[in-house]
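Work through these exercises with the model open beside you. Try each task before you read its solution.

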Amino acid sequence: MARGEARRFLAVGAMARRACGIATACVCLGAASAAEMNPLEKTIELMTKLQKQIVADGEREDGAYNKYKDWCVSTSTEKKNEVETATKQKSKLEADIQLATSDIEASVAKIEQLSGLLASNEAKLKEITAVRKDESEAFKATEKQLMEAIDMLGRAIEILMKEVRKKGSSALVQTTVDTESLENVLLGLGAVIDASWLTSGNSERLFSMLQARQDAMDSGAPAPEAYKSQSGNVIDLMEDMREKAEAQLRNARNTESKAQQNFDLLRQSLKQQIEQGNKDMKDEKSNKAAAEEKKATGEKNLGVTKRELAKSEEALKNTRSTCIRTAADHEATVAARAEELKVLAEAQK
(Lines give C-alpha, C1' and ligand atoms only; values in the text may rest on other atoms or scores of the structure.)
Protein backbone atom coordinates (compact mmCIF):
# COMPACT_ATOMS: atom_id res chain seq x y z
CA MET A 1 0.00 0.00 0.00
CA ALA A 2 1.35 3.42 -0.93
CA ARG A 3 2.35 5.77 1.84
CA GLY A 4 -0.32 8.35 0.80
CA GLU A 5 -3.04 5.76 0.79
CA ALA A 6 -1.97 4.55 4.20
CA ARG A 7 -2.15 8.06 5.58
CA ARG A 8 -5.61 8.55 4.11
CA PHE A 9 -6.68 5.27 5.61
CA LEU A 10 -5.44 6.31 9.01
CA ALA A 11 -7.13 9.70 8.66
CA VAL A 12 -10.48 8.08 7.81
CA GLY A 13 -10.04 5.71 10.72
CA ALA A 14 -9.41 8.66 13.03
CA MET A 15 -12.54 10.33 11.67
CA ALA A 16 -14.58 7.17 12.24
CA ARG A 17 -13.31 6.91 15.78
CA ARG A 18 -14.29 10.51 16.41
CA ALA A 19 -17.78 9.83 14.95
CA CYS A 20 -18.16 6.73 17.15
CA GLY A 21 -17.12 8.79 20.14
CA ILE A 22 -19.79 11.32 19.32
CA ALA A 23 -22.45 8.63 18.86
CA THR A 24 -21.54 6.95 22.14
CA ALA A 25 -21.68 10.26 23.88
CA CYS A 26 -25.13 10.89 22.44
CA VAL A 27 -26.46 7.50 23.55
CA CYS A 28 -25.11 7.98 27.07
CA LEU A 29 -26.51 11.46 27.24
CA GLY A 30 -29.94 10.28 26.04
CA ALA A 31 -30.02 7.49 28.61
CA ALA A 32 -29.05 9.77 31.47
CA SER A 33 -31.38 12.68 30.89
CA ALA A 34 -33.80 12.12 28.06
CA ALA A 35 -36.31 14.49 29.55
CA GLU A 36 -33.87 17.36 30.02
CA MET A 37 -32.08 17.41 26.52
CA ASN A 38 -32.95 16.75 22.92
CA PRO A 39 -30.43 14.07 21.73
CA LEU A 40 -30.29 15.38 18.17
CA GLU A 41 -29.46 18.88 19.27
CA LYS A 42 -26.80 17.54 21.61
CA THR A 43 -25.26 15.46 18.79
CA ILE A 44 -25.16 18.44 16.45
CA GLU A 45 -23.53 20.53 19.21
CA LEU A 46 -20.84 17.90 19.73
CA MET A 47 -20.21 17.63 15.96
CA THR A 48 -19.85 21.40 15.75
CA LYS A 49 -17.29 21.40 18.54
CA LEU A 50 -15.46 18.59 16.83
CA GLN A 51 -15.38 20.54 13.59
CA LYS A 52 -13.94 23.55 15.37
CA GLN A 53 -11.30 21.36 17.02
CA ILE A 54 -10.34 19.82 13.67
CA VAL A 55 -10.11 23.25 12.05
CA ALA A 56 -8.02 24.60 14.94
CA ASP A 57 -5.68 21.60 14.78
CA GLY A 58 -5.34 22.13 11.03
CA GLU A 59 -4.50 25.80 11.49
CA ARG A 60 -1.83 24.99 14.05
CA GLU A 61 -0.39 22.28 11.83
CA ASP A 62 -0.46 24.61 8.78
CA GLY A 63 1.37 27.28 10.76
CA ALA A 64 4.06 24.83 11.83
CA TYR A 65 4.34 23.46 8.31
CA ASN A 66 4.66 26.96 6.82
CA LYS A 67 7.57 27.66 9.18
CA TYR A 68 9.13 24.34 8.20
CA LYS A 69 8.57 25.15 4.54
CA ASP A 70 10.37 28.49 4.98
CA TRP A 71 13.20 26.62 6.66
CA CYS A 72 13.35 24.23 3.71
CA VAL A 73 13.54 27.14 1.26
CA SER A 74 16.22 29.05 3.19
CA THR A 75 18.28 25.94 3.96
CA SER A 76 18.10 24.69 0.39
CA THR A 77 19.12 28.14 -0.89
CA GLU A 78 21.98 28.28 1.60
CA LYS A 79 23.26 24.81 0.70
CA LYS A 80 22.86 25.55 -3.00
CA ASN A 81 24.95 28.71 -2.59
CA GLU A 82 27.55 26.72 -0.68
CA VAL A 83 27.69 24.19 -3.52
CA GLU A 84 28.03 26.94 -6.16
CA THR A 85 30.70 28.76 -4.13
CA ALA A 86 32.67 25.56 -3.52
CA THR A 87 32.37 24.61 -7.19
CA LYS A 88 33.73 27.98 -8.30
CA GLN A 89 36.50 27.78 -5.71
CA LYS A 90 37.36 24.28 -6.92
CA SER A 91 37.62 25.48 -10.52
CA LYS A 92 39.77 28.46 -9.50
CA LEU A 93 42.12 26.31 -7.41
CA GLU A 94 42.48 23.81 -10.26
CA ALA A 95 43.33 26.67 -12.64
CA ASP A 96 45.84 28.10 -10.13
CA ILE A 97 47.46 24.69 -9.73
CA GLN A 98 47.70 24.30 -13.50
CA LEU A 99 49.25 27.76 -13.81
CA ALA A 100 51.72 27.01 -11.01
CA THR A 101 52.64 23.75 -12.72
CA SER A 102 53.24 25.61 -15.97
CA ASP A 103 55.36 28.21 -14.14
CA ILE A 104 57.44 25.45 -12.54
CA GLU A 105 58.06 23.82 -15.92
CA ALA A 106 59.04 27.19 -17.41
CA SER A 107 61.41 27.86 -14.50
CA VAL A 108 63.01 24.43 -14.88
CA ALA A 109 63.61 25.08 -18.58
CA LYS A 110 64.98 28.57 -17.84
CA ILE A 111 67.28 27.24 -15.12
CA GLU A 112 68.65 24.61 -17.51
CA GLN A 113 69.23 27.28 -20.15
CA LEU A 114 70.96 29.59 -17.66
CA SER A 115 73.09 26.71 -16.37
CA GLY A 116 74.29 25.96 -19.89
CA LEU A 117 75.01 29.63 -20.59
CA LEU A 118 76.87 30.07 -17.31
CA ALA A 119 78.95 26.95 -17.95
CA SER A 120 79.77 28.19 -21.46
CA ASN A 121 80.79 31.66 -20.29
CA GLU A 122 82.87 30.30 -17.43
CA ALA A 123 84.62 27.92 -19.84
CA LYS A 124 85.29 30.81 -22.25
CA LEU A 125 86.67 32.93 -19.42
CA LYS A 126 88.95 30.12 -18.33
CA GLU A 127 90.09 29.53 -21.91
CA ILE A 128 90.86 33.16 -22.77
CA THR A 129 92.64 33.59 -19.43
CA ALA A 130 94.90 30.65 -20.21
CA VAL A 131 95.56 31.95 -23.75
CA ARG A 132 96.29 35.43 -22.42
CA LYS A 133 98.72 33.97 -19.91
CA ASP A 134 100.59 32.10 -22.66
CA GLU A 135 100.63 35.20 -24.86
CA SER A 136 101.89 37.35 -22.00
CA GLU A 137 104.67 34.91 -21.18
CA ALA A 138 105.66 34.70 -24.84
CA PHE A 139 105.71 38.49 -25.07
CA LYS A 140 107.83 38.84 -21.96
CA ALA A 141 110.35 36.38 -23.39
CA THR A 142 110.43 38.22 -26.72
CA GLU A 143 110.66 41.59 -24.99
CA LYS A 144 113.53 40.39 -22.85
CA GLN A 145 115.36 39.02 -25.89
CA LEU A 146 114.88 42.21 -27.91
CA MET A 147 115.91 44.45 -25.04
CA GLU A 148 119.05 42.43 -24.48
CA ALA A 149 119.87 42.52 -28.20
CA ILE A 150 119.29 46.28 -28.34
CA ASP A 151 121.52 46.73 -25.32
CA MET A 152 124.29 44.58 -26.84
CA LEU A 153 124.08 46.39 -30.16
CA GLY A 154 124.17 49.71 -28.40
CA ARG A 155 127.30 48.82 -26.44
CA ALA A 156 128.94 47.41 -29.55
CA ILE A 157 128.19 50.57 -31.50
CA GLU A 158 129.53 52.69 -28.65
CA ILE A 159 132.80 50.72 -28.55
CA LEU A 160 133.20 50.91 -32.30
CA MET A 161 132.51 54.64 -32.31
CA LYS A 162 135.18 55.14 -29.67
CA GLU A 163 137.66 53.21 -31.86
CA VAL A 164 136.72 55.34 -34.86
CA ARG A 165 137.25 58.53 -32.92
CA LYS A 166 140.50 57.21 -31.53
CA LYS A 167 141.96 56.32 -34.97
CA GLY A 168 140.62 59.33 -36.78
CA SER A 169 137.81 59.72 -39.31
CA SER A 170 138.88 56.85 -41.57
CA ALA A 171 136.21 54.25 -42.16
CA LEU A 172 136.07 51.33 -39.89
CA VAL A 173 136.43 49.00 -42.83
CA GLN A 174 140.01 50.13 -43.28
CA THR A 175 141.08 49.35 -39.75
CA THR A 176 141.08 46.36 -37.52
CA VAL A 177 139.44 46.76 -34.18
CA ASP A 178 141.29 44.57 -31.80
CA THR A 179 140.01 45.45 -28.38
CA GLU A 180 138.93 43.11 -25.67
CA SER A 181 135.73 45.10 -25.03
CA LEU A 182 134.57 44.86 -28.64
CA GLU A 183 135.50 41.19 -28.72
CA ASN A 184 133.34 40.41 -25.71
CA VAL A 185 130.39 42.32 -27.14
CA LEU A 186 130.72 40.72 -30.57
CA LEU A 187 130.88 37.28 -29.03
CA GLY A 188 127.79 38.12 -27.00
CA LEU A 189 125.98 39.07 -30.22
CA GLY A 190 126.25 35.46 -31.31
CA ALA A 191 123.13 34.77 -29.29
CA VAL A 192 121.22 37.35 -31.34
CA ILE A 193 121.96 35.86 -34.77
CA ASP A 194 119.15 33.27 -34.55
CA ALA A 195 116.59 35.78 -33.32
CA SER A 196 113.30 35.82 -35.31
CA TRP A 197 113.40 39.58 -35.82
CA LEU A 198 116.81 39.54 -37.50
CA THR A 199 116.75 39.58 -41.31
CA SER A 200 118.68 36.88 -43.16
CA GLY A 201 121.03 39.45 -44.82
CA ASN A 202 121.98 41.07 -41.53
CA SER A 203 122.29 37.68 -39.93
CA GLU A 204 124.71 36.46 -42.60
CA ARG A 205 126.80 39.62 -42.50
CA LEU A 206 126.99 39.59 -38.73
CA PHE A 207 127.85 35.90 -38.70
CA SER A 208 130.57 36.48 -41.31
CA MET A 209 132.07 39.25 -39.21
CA LEU A 210 132.02 37.20 -36.04
CA GLN A 211 133.42 34.13 -37.81
CA ALA A 212 136.29 36.10 -39.26
CA ARG A 213 137.01 37.55 -35.86
CA GLN A 214 136.90 34.14 -34.26
CA ASP A 215 139.27 32.67 -36.89
CA ALA A 216 141.71 35.47 -36.24
CA MET A 217 141.54 34.87 -32.53
CA ASP A 218 142.06 31.14 -32.97
CA SER A 219 145.15 31.61 -35.19
CA GLY A 220 146.57 34.46 -33.14
CA ALA A 221 147.04 36.42 -36.38
CA PRO A 222 145.71 39.87 -37.08
CA ALA A 223 142.37 40.15 -38.85
CA PRO A 224 142.74 39.27 -42.53
CA GLU A 225 142.13 41.74 -45.32
CA ALA A 226 139.02 39.82 -46.29
CA TYR A 227 137.60 40.65 -42.89
CA LYS A 228 138.52 44.30 -43.32
CA SER A 229 137.14 44.64 -46.85
CA GLN A 230 134.07 42.42 -46.68
CA SER A 231 132.74 43.49 -43.31
CA GLY A 232 131.24 46.62 -44.79
CA ASN A 233 130.35 49.47 -42.53
CA VAL A 234 129.93 47.58 -39.25
CA ILE A 235 128.48 50.55 -37.43
CA ASP A 236 125.81 51.07 -40.11
CA LEU A 237 125.01 47.36 -39.98
CA MET A 238 124.59 47.41 -36.23
CA GLU A 239 122.61 50.65 -36.34
CA ASP A 240 120.24 49.04 -38.83
CA MET A 241 119.97 45.96 -36.66
CA ARG A 242 119.26 48.05 -33.58
CA GLU A 243 116.58 50.07 -35.38
CA LYS A 244 114.90 46.89 -36.54
CA ALA A 245 115.06 45.43 -33.04
CA GLU A 246 113.61 48.63 -31.57
CA ALA A 247 110.83 48.65 -34.19
CA GLN A 248 110.14 45.01 -33.47
CA LEU A 249 110.03 45.77 -29.74
CA ARG A 250 107.58 48.61 -30.32
CA ASN A 251 105.39 46.38 -32.46
CA ALA A 252 105.52 43.62 -29.89
CA ARG A 253 104.58 46.02 -27.12
CA ASN A 254 101.76 47.52 -29.18
CA THR A 255 100.48 44.06 -30.01
CA GLU A 256 100.70 43.05 -26.37
CA SER A 257 98.92 46.23 -25.28
CA LYS A 258 96.07 45.69 -27.74
CA ALA A 259 95.86 42.02 -26.84
CA GLN A 260 95.66 42.95 -23.15
CA GLN A 261 92.99 45.59 -23.85
CA ASN A 262 90.93 43.15 -25.90
CA PHE A 263 91.33 40.55 -23.20
CA ASP A 264 90.27 43.00 -20.50
CA LEU A 265 87.17 43.99 -22.47
CA LEU A 266 86.24 40.38 -23.22
CA ARG A 267 86.91 39.30 -19.65
CA GLN A 268 84.80 42.17 -18.31
CA SER A 269 81.98 41.26 -20.70
CA LEU A 270 82.10 37.60 -19.70
CA LYS A 271 82.23 38.46 -16.01
CA GLN A 272 79.22 40.74 -16.41
CA GLN A 273 77.36 37.99 -18.26
CA ILE A 274 78.28 35.49 -15.56
CA GLU A 275 77.23 37.92 -12.84
CA GLN A 276 73.92 38.61 -14.58
CA GLY A 277 73.46 34.91 -15.23
CA ASN A 278 73.95 34.12 -11.55
CA LYS A 279 71.43 36.83 -10.64
CA ASP A 280 68.94 35.49 -13.17
CA MET A 281 69.56 31.99 -11.87
CA LYS A 282 68.88 33.11 -8.29
CA ASP A 283 65.70 34.92 -9.36
CA GLU A 284 64.50 31.96 -11.42
CA LYS A 285 65.12 29.53 -8.57
CA SER A 286 63.18 31.89 -6.30
CA ASN A 287 60.34 31.98 -8.85
CA LYS A 288 60.37 28.19 -9.04
CA ALA A 289 60.22 27.86 -5.26
CA ALA A 290 57.33 30.35 -5.10
CA ALA A 291 55.45 28.45 -7.81
CA GLU A 292 56.05 25.15 -6.00
CA GLU A 293 54.77 26.64 -2.75
CA LYS A 294 51.74 28.06 -4.55
CA LYS A 295 51.04 24.68 -6.11
CA ALA A 296 51.37 22.86 -2.78
CA THR A 297 49.06 25.36 -1.06
CA GLY A 298 46.58 25.11 -3.91
CA GLU A 299 46.53 21.32 -3.78
CA LYS A 300 45.98 21.42 -0.02
CA ASN A 301 43.14 23.95 -0.34
CA LEU A 302 41.67 21.97 -3.23
CA GLY A 303 41.44 18.89 -1.03
CA VAL A 304 39.61 20.90 1.66
CA THR A 305 37.31 22.48 -0.93
CA LYS A 306 36.42 19.12 -2.45
CA ARG A 307 35.48 17.76 0.98
CA GLU A 308 33.39 20.85 1.74
CA LEU A 309 31.73 20.59 -1.67
CA ALA A 310 30.84 16.94 -1.13
CA LYS A 311 29.49 17.77 2.33
CA SER A 312 27.37 20.66 0.99
CA GLU A 313 26.05 18.53 -1.88
CA GLU A 314 25.06 15.77 0.55
CA ALA A 315 23.39 18.29 2.87
CA LEU A 316 21.47 19.82 -0.05
CA LYS A 317 20.38 16.40 -1.22
CA ASN A 318 19.21 15.39 2.28
CA THR A 319 17.42 18.70 2.83
CA ARG A 320 15.51 18.43 -0.44
CA SER A 321 14.63 14.80 0.22
CA THR A 322 13.40 15.50 3.77
CA CYS A 323 11.41 18.55 2.71
CA ILE A 324 9.74 16.68 -0.17
CA ARG A 325 8.82 13.78 2.13
CA THR A 326 7.47 16.14 4.81
CA ALA A 327 5.48 18.06 2.20
CA ALA A 328 3.89 14.81 1.05
CA ASP A 329 3.03 13.90 4.66
CA HIS A 330 1.50 17.32 5.18
CA GLU A 331 -0.60 17.01 2.04
CA ALA A 332 -1.89 13.64 3.24
CA THR A 333 -2.79 15.10 6.63
CA VAL A 334 -4.60 18.06 5.05
CA ALA A 335 -6.54 15.69 2.79
CA ALA A 336 -7.51 13.50 5.75
CA ARG A 337 -8.62 16.51 7.73
CA ALA A 338 -10.74 17.76 4.85
CA GLU A 339 -12.38 14.34 4.61
CA GLU A 340 -13.23 14.43 8.31
CA LEU A 341 -14.80 17.85 8.00
CA LYS A 342 -16.75 16.69 4.95
CA VAL A 343 -18.17 13.68 6.87
CA LEU A 344 -19.12 15.87 9.81
CA ALA A 345 -20.78 18.41 7.54
CA GLU A 346 -22.85 15.71 5.81
CA ALA A 347 -23.84 14.24 9.18
CA GLN A 348 -25.31 17.53 10.28
CA LYS A 349 -27.64 17.84 7.27
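**Exercise 1. A charged pair**

Is Arg60 buried or exposed? Then find its salt-bridge partner and place the pair in the chain.

Solution.
The model is predicted: local features need pLDDT of at least 70, side-chain atom pairs count only at pLDDT 80 or more, and totals for chains, interfaces and linings use all residues. Residues are numbered from 1 along each chain as its sequence is written, and side-chain values use heavy atoms, with hydrogens and water left out.

Step 1. Apply the cut-offs: buried is under 20% relative accessible area, exposed is over 50%, and partly exposed is in between (1.4 Å probe, protein chains only). Arg60 has 55% relative accessibility, so Arg60 is exposed.

Step 2. Look for a salt bridge (a side-chain nitrogen of Lys or Arg within 4 Å of a carboxyl oxygen of Asp or Glu). Arg60 pairs with Asp57, and their closest N and O atoms are 2.0 Å apart.

Step 3. Check the partner. Asp57 is partly exposed, at 25% relative accessible area.

Step 4. Place the pair. Both residues sit in helix H2, 3 residues apart, so about one helical turn separates Asp57 and Arg60.

**Exercise 2. More salt bridges**

How many salt bridges does the rule give? Work through two further pairs and one network.

Solution.
Step 1. The count is 16 salt bridges.

Step 2. Take Glu82 and Lys79. Their side chains meet at 3.6 Å, N to O. The two are 3 residues apart in helix H2, or about one helical turn. Glu82 is partly exposed, at 29%.

Step 3. Take Lys90 and Glu94. Their closest N and O atoms lie 3.0 Å apart. Here the spacing in helix H2 is 4 residues, again about one helical turn. Lys90 is partly exposed at 24%, and Glu94 is partly exposed at 32%.

Step 4. Look for shared partners. Arg132, Glu135 and Glu256 are joined into one network by salt bridges that share partners.

**Exercise 3. The disulfide**

Which cysteines form a disulfide, and which helices hold them?

Solution.
Step 1. Use the rule: a disulfide is a pair of cysteine sulfur atoms within 2.5 Å. The count is 1 disulfide.

Step 2. Name the pair. Cys72 and Cys323 are bonded, with sulfur atoms 1.9 Å apart.

Step 3. Locate the ends. Cys72 is in helix H2 (residues 39-167) and Cys323 is in helix H6 (residues 234-347), so the pair ties together parts 251 residues apart in sequence.

Step 4. Read the torsion. About the S-S bond it is about -95 degrees, so the disulfide is left-handed.

Step 5. Check burial. Cys72 is buried at 8%. Cys323 is buried too, at 11%.

**Exercise 4. Cores and the whole chain**

Which residues make up the largest nonpolar core? Then describe the chain overall.

Solution.
Step 1. A nonpolar core is a set of buried Ala, Val, Leu, Ile, Met, Phe, Trp, Tyr and Cys residues joined through side-chain atoms within 4.5 Å. The largest has 10 residues: Leu153, Ala156, Ile157, Leu160, Val164, Val234, Ile235, Leu237, Met238 and Met241. H2 and H6 are the elements that give two or more residues to this core.

Step 2. A second, separate core has 9 residues, including Leu114, Leu118, Leu270 and Ile274.

Step 3. Count elements: helices (H or I, at least four residues) and strands (E, at least two) are DSSP runs, numbered from the N terminus. The chain has 6 helices and 0 strands.

Step 4. Finish with burial. Of the 349 residues in the chain, 30% are buried.
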